[in-house]
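Subject: Structure handover, aromatic contacts

Hello,

Here is the structure I promised to pass on. Please open it alongside these notes.

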Amino acid sequence: MQTRKYVLLLLLFVFTVSIVNDALPARQPIRLGKGTINGLTYIAEGTQIAVASSEGIWIYDAITYETVAQLNDHQYAVTAIEISGDGNTLATGDADGTVFIWDANTMQHFSFIDTMTETVSLGLNERGDIVATLTDKRIAVWDAKTGKIKTRKNKDFLLDESYTSLDLDLTGDILTTGDENNETIVWAALSAKRIHTLVGHNKPANNVAFSSDGNRLTSGHKDGSIHIWDPKTGKRIHVLKGEMTAVNKIAFSPDDNIIAGGCDDGTIHLWFVDTGEFFKVLRGHTRKITALAFSPDLRTLASGSLDGNLHIWDITSGKTRHTYNEHLGNFTMLDITRNGKTILAHSKGGVVSIWDTETGKTRKVHSDKALKDLLDIAIHPNGHTFAIGSTDNTISIWDTETGEKVNVYAGHTTPVNNVVYSSEGKFIVSASTDGKIHLWNADTTELNRIIDTNLVRIFYLSYSPDSKTIALIGLVGDDINAFLWNVETGELKHILRHERQKLEGLPERPVEFKHINWLSNINISADSKMVVTAAASYVYLWDLATGELKKQLKLINPANSSVSFTPNPNVIAVGDTFGIITLVDTTTGFGTELLGHKDGISSVSIASTGDTIVSRSSDGVIILWNDNQ
């Protein structure tokens, strides 16, 4: 990922284009969502909460509940955060392996560590001068002030990639790890030698943590149990089991008397450490807990979840004092109404969010188990309903205001991975993993036509605004190509043949990955006359009526991931894997860049009016691009 930073900077330097074409106006980004919560901690003696998210570090006032600041020092999603025992030092790590060491009182970072790969977990000692890092490649211990490594090389310690979490004790001499091999291990931090391998559990540890005094160690497991250990002897003291699902996050209270376990189902269970007795359960989240932290005064507990909410709990009453919302990523699917007034997005936790583009505010948020395992989503042109394609072979229709399911189409026999409304919203085109396309009435679910494409799989699908043509990218045999189908007759009109061997800079697929989809997207123009496809650094323009290749454009950015026509058939929006959206005038080949995402573009949607563009990225944020003119 380090290489990507330098390549991106080079591309931005090389591809600075002055555009005078009125079809390519400048646009300002408006961010929707605050990014997935990956970790949190209380700072400033408990008066503030620092949240590590995919959109940077958010600082909230824990007393007034106002947003204090957003820190964007990290270039990539912040994946881990840890506070020192004395509360004066903060460590944060990101998806690119950069770890910043901060003065927790001023929130200014004074040193950094480059671990080269994504930060999974962090540990700080009492004084904050020693930091332990777990990345997707190794574990290491560093001098927090100088950024120099302290760990002696030991391949058993450094190179095992099965570790899931770590923590450092208050002295900085001992660390613990949990891994996918069902082992919880206590290590000598600097020599990387095992002190104890803790036995007695048979499921992987999702999270491990030392008590503040270092006398207790706890591990939370996938089987819904929490184990409390004596790290000095390696003996197990308690096994906490109740009505818990997989325990993803654990936290000791500041006085080490209570332990909290955040679970897969969104519940948080509190236990007494010394006796192992159950205290209470906190219910309010609807999805997996991703972060937990007690306040220093032991009055509140902060929790983050994939449901997009950060709750502040009163520990005594078990009730929520306050909720910070909008942490809705990672977004997996996106659509926009034709008039550009409403945006619909789905996130990993089974949450569907609906935004008003005129205000940039969230209008509705719906959470339901049935919304969790989706393969595609589409909003009706008028915005009143949305359709989802699911792994259970159905398409269901939902009311955007109430979040209630209003209809189900059950005609497919395999999972439905593509759902598209017709331009007027009367019909839905859906495609399943068996290569069959169904056209059916959106109101009555009456089936109009089945098109058997004989493709092994359909990856992307576009429905022409005049409802006469379906364009798709699919797999037949070992080849992935683009196809045009006649909706009225169900016949194949054209195969859009991409001469792959002539493309520069596109590596050959290894034999074991020969089915990897190198054609990344397809779209039909607003006048239903042209088709655009994207592959690597190229975009192709095709005549829809004849299937003839009209133009091939090579863009400077090497990996295009999304392409869409604007209402102007001569302008396309191209999203790439560096997080850049380029508006390209196809008559001149020139483009203007929209910069705002921190990671690769997953999809770009454009309203039929052309004044609203919305984009999704794996950085956990949706950006609404406003036309300045």
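Which residues form one aromatic cluster with Trp 58? They are Tyr 60, Tyr 65 and Tyr 324. Keep in mind that this is a predicted model.

Now the pairs. The count of aromatic pairs comes to twelve. One of them joins Tyr 65 and Tyr 324. Their ring centres are 6.4 Å apart, and the planes meet at 70°. That makes the pair edge-to-face, because over 60 degrees between planes counts as such.

This pair also links distant parts of the chain. Tyr 65 lies in the loop between β4 (56-61) and β5 (67-71). Tyr 324 belongs to strand β28 (residues 320-324). The two residues are 259 apart along the chain.

The two partners differ in burial class. Tyr 65 has a relative accessible area of 23%, so it is partly exposed. Tyr 324 has 5%, so it is buried. The cut-off for buried is under 20%.

Next, Trp 271 and Phe 278. Their ring centres lie 5.3 Å apart and their planes stand at 75°, so this pair is edge-to-face. Trp 271 is buried, at 4% relative accessible area. Phe 278 is partly exposed, at 43%.

Last, back to the cluster, which includes Trp 58. The charged end of Lys 34 sits over the ring of Trp 58. Its distance from the ring centre is 4.9 Å.

Best wishes

Methods: Residues are numbered from 1 along each chain as its sequence is written. This is a predicted model: local features need pLDDT of at least 70, side-chain atom pairs count only at pLDDT 80 or more; totals for chains, interfaces and linings use all residues. Side-chain values use heavy atoms; hydrogens and water are left out. Rings of Phe, Tyr and Trp (its six-membered ring) pair if their centres lie within 6.5 Å; planes under 30 degrees apart count as stacked, over 60 as edge-to-face and the rest as tilted. Helices (H or I, at least four residues) and strands (E, at least two) are DSSP runs, numbered from the N terminus. Buried means under 20% relative accessible area, exposed over 50%, partly exposed in between (1.4 Å probe, protein chains only). A charge sits over a ring if NZ of Lys or CZ of Arg is within 6 Å of the ring centre and within 35 degrees of the ring normal.
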